[in-house]
Amino acid sequence: IRPIDYHINMKRFLLLPALLFCASLYAQSFDNLSSQIANGDFGNIKAVVISHHGEVIYEDYFRGSQRNDLHQVHSVTKSVGSALIGIANRQGKIELDDNLTRFFGTLYPMNSGEFSDKQAITVEHVLQQRSGIEWDEWSVPYTHPANPMGAAMSSSDWYRYVLTTPMDAQPGEKFTYNTAGSTLMSRMIRSTTGMGPRQFAMTELFGPLGISNIHWEGFSPQGMGNGMTNFPNPDGDEPLGFMLWLRPLDMLKFGELYLNDGVHEGRRIIEKEWIEASWQAYSNHENTDLFTRPGSGYGYQWWTTILEDTRDRSFPTYYADGWAHQFILIVPQLDLVVVSVAEDYEYSGPGIGAILRTIVLPELSPALDRRFDGAWYNPQTSGQGLTLEVSEDGSRLIGFWYTYDVNGAKRWFVLNGDINDTTADVSIIQTSGGVFLQPDPVVESEWGTGRFTTIDCDHINFEIISDEVNTSVELTRITGVCE
């Protein structure tokens, strides 16, 4: 399934993630957006669900789709498969450096013939799509007979087909997107847990998330009930490369799990370190021609990109991507998860990504929380700046402002005030009477007031109101990171 990243050097593909904003605040925009989607302005979108700070702020369905309908999510299945491998890794059952012989040695002669050059492929190589197996499923449509996925699916054994396909690189050497290769994750789960992918997912992932309605079936133009349900591999297991069906609200739950570092309602399901590793761009602009700028890449069956909005802001984004525009998009800096499903098998125009970049992101800013701890300054007035710190409970902002008076003498202020989501209203306090390293009493007086408003994780606006000056400056981060 091809990526949606608009920085990827592929014809016909734009970034198509989507987002909306809180209906209570932006009701008119929501009305217009739903009308535009219904009119087909953004393709054949069937559902969009968005959560912000863990709350569903937009949910709508189109083209006859209903809330509880299952949708074929295609290669979003790969990201679910990656999660299952991560869970098995957490349980000590699968290691990243395990080679394929461990999982397939009882099925095939892995040390001889066409299988032998696959022995060096590891779990991590499969997760990264860097197995070295010769494969090209993007040059022709998936429905075309020349597509290797068609040949794999019509074979009597998917695993054998991919494991006997020639190599064109050493494992780990280059990125080659390979859906049949991703189905190898199914055997990894079976051979180490004793359960098939569906049972293991229901026990360890979907069940704990409260997801009960799932389905595996191959694509058919006639819809559910007309596609493949008997899977040709020695175990008869569901493929973890594609064919999963989910409700959009359940896709959202899965995205929220990743946004929340692998914890759902106090229960850890996936390790935070696994999620961080899944979102690292092992294939990127430095080692893969497919990607053309920093931030774009591929991790453990997850895509990475940088989303830019009309306010010239950039946000690291991680997404699961399925054929015909099925998406789970996660923007950690905004505490945002976006789900979109569609039937865009032929459509290549603006989609959910255009909505996201031009309509939704411009209305959202990061919450003012402990990610904003650190030193800040205005590049136009170097040599002075502020140190900010958010209280442990996230309710108050404390700051120290090092600056000068109108005559150039050094002065500093103490800032203290309440935080409300993306802003903090503070008193600006000046002190006098103290003596260096002496316990002399210090006199405090309010010099003015200020308001901090987040722009993005590296910029914050500081509005100042006092008898001396009324102004607003944009501050840039010097220290600290926004994770």
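Here are five short exercises, with worked solutions, on the predicted model shown above.

**Exercise 1: Getting an overview**

Work out how many helices and strands the protein chain has, and what share of its residues is buried.

*Solution.*
- Step 1: Start with the secondary structure, which comes to 12 helices and 21 strands.
- Step 2: Check the extent of the chain; along its principal axes, the C-alpha trace spans about 85 × 50 × 40 Å.
- Step 3: Now look at burial. The chain has 483 residues, and 54% of them count as buried.

**Exercise 2: A salt bridge between two strands**

Find out which parts of the chain are tied together by the salt bridge of Asp418 with Arg396.

*Solution.*
- Step 1: Look at the distance. The closest N and O atoms of Asp418 and Arg396 are 2.4 Å apart, and a salt bridge needs them within 4 Å.
- Step 2: Place both partners. Asp418 sits in strand S17, while Arg396 belongs to strand S16 (residues 396-404), so this pair ties together parts that are 22 residues apart in sequence.
- Step 3: Ask how open the partners are. Asp418 has 47% relative accessibility and is partly exposed; Arg396, with a relative accessible area of 31%, is partly exposed too.

**Exercise 3: A salt-bridge network**

Decide whether Arg247 and Asp250 are buried or exposed, and name the network they take part in.

*Solution.*
- Step 1: Begin with the contact. Arg247 and Asp250 form a salt bridge, and their closest N and O atoms are 3.1 Å apart.
- Step 2: Use the cut-off: buried means under 20% relative accessible area. Arg247 has 14%, so Arg247 is buried. Asp250 has 2%, so Asp250 is buried as well.
- Step 3: Widen the view. Arg247, Asp250 and Lys253 are linked in a network of salt bridges.
- Step 4: Put this in context: a search of the whole structure finds 18 salt bridges. Another one of them joins Asp373 and Arg370, with the closest N and O atoms 3.6 Å apart. Arg370 is partly exposed, at a relative accessible area of 38%.

**Exercise 4: Pocket and cavity**

Describe the linings of the largest pocket and the largest cavity by residue class.

*Solution.*
- Step 1: Take the pocket. The largest one has a volume of about 650 Å³. It is lined by 21 residues, and the closest to its centre are Asp261, Trp279, Pro332, Cys482 and Glu483.
- Step 2: See which elements contribute. Helix H10 (248-259), helix H11 (272-278) and strand S11 (314-322) give two or more residues each. H11 gives the most, with three.
- Step 3: Sort the pocket lining by class: 10 nonpolar, three polar and eight charged residues.
- Step 4: Turn to the cavity. The search finds one cavity of 30 Å³ or more, and the largest cavity has a volume of about 60 Å³. Among the residues lining this cavity are Ile121, His125, Asn178 and Leu184.
- Step 5: Helix H4 (123-127) and helix H7 (179-182) each supply at least two residues of the cavity lining. By class, the cavity lining has four nonpolar, seven polar and no charged residues.

**Exercise 5: A patch on the surface**

Which residues make the nonpolar surface patch of about 310 Å²?

*Solution.*
- Step 1: Pick out the members: Phe400, Tyr402 and Trp412.
- Step 2: Locate one of them. Trp412 is in strand S17 (residues 410-420).
- Step 3: Test whether Trp412 meets the exposure rule. A patch residue needs over 30% relative accessible area, and Trp412 has 43%, which counts as partly exposed.

Key: Residues numbered from 1 in each chain as written. Predicted model: local features only at pLDDT ≥ 70, side-chain atom pairs only at ≥ 80, totals over all residues. Heavy atoms only, no water. Patch = residues over 30% accessible without salt bridge, like charges linked within 9 Å, V, L, I, M, F, W, Y side chains within 5 Å. Areas by Shrake-Rupley, 256 points an atom, 1.4 Å probe, with all protein chains shown as cover. Salt bridge = Lys/Arg side-chain N within 4 Å of Asp/Glu carboxyl O. Helix = DSSP H or I, 4+ residues; strand = E, 2+ residues; numbered from the N terminus. Buried < 20%, exposed > 50% of the residue type's maximum accessible area, 1.4 Å probe, protein only. 1 Å grid on protein atoms, 1.4 Å probe; cavity = no way out; pocket = protein on both sides within 12 Å on 5 of 7 lines; lining within 4 Å. Points joined across faces, edges and corners; volume = space filled by probe spheres on them. Nonpolar A, V, L, I, M, F, W, Y, C, P; charged D, E, K, R; others polar.
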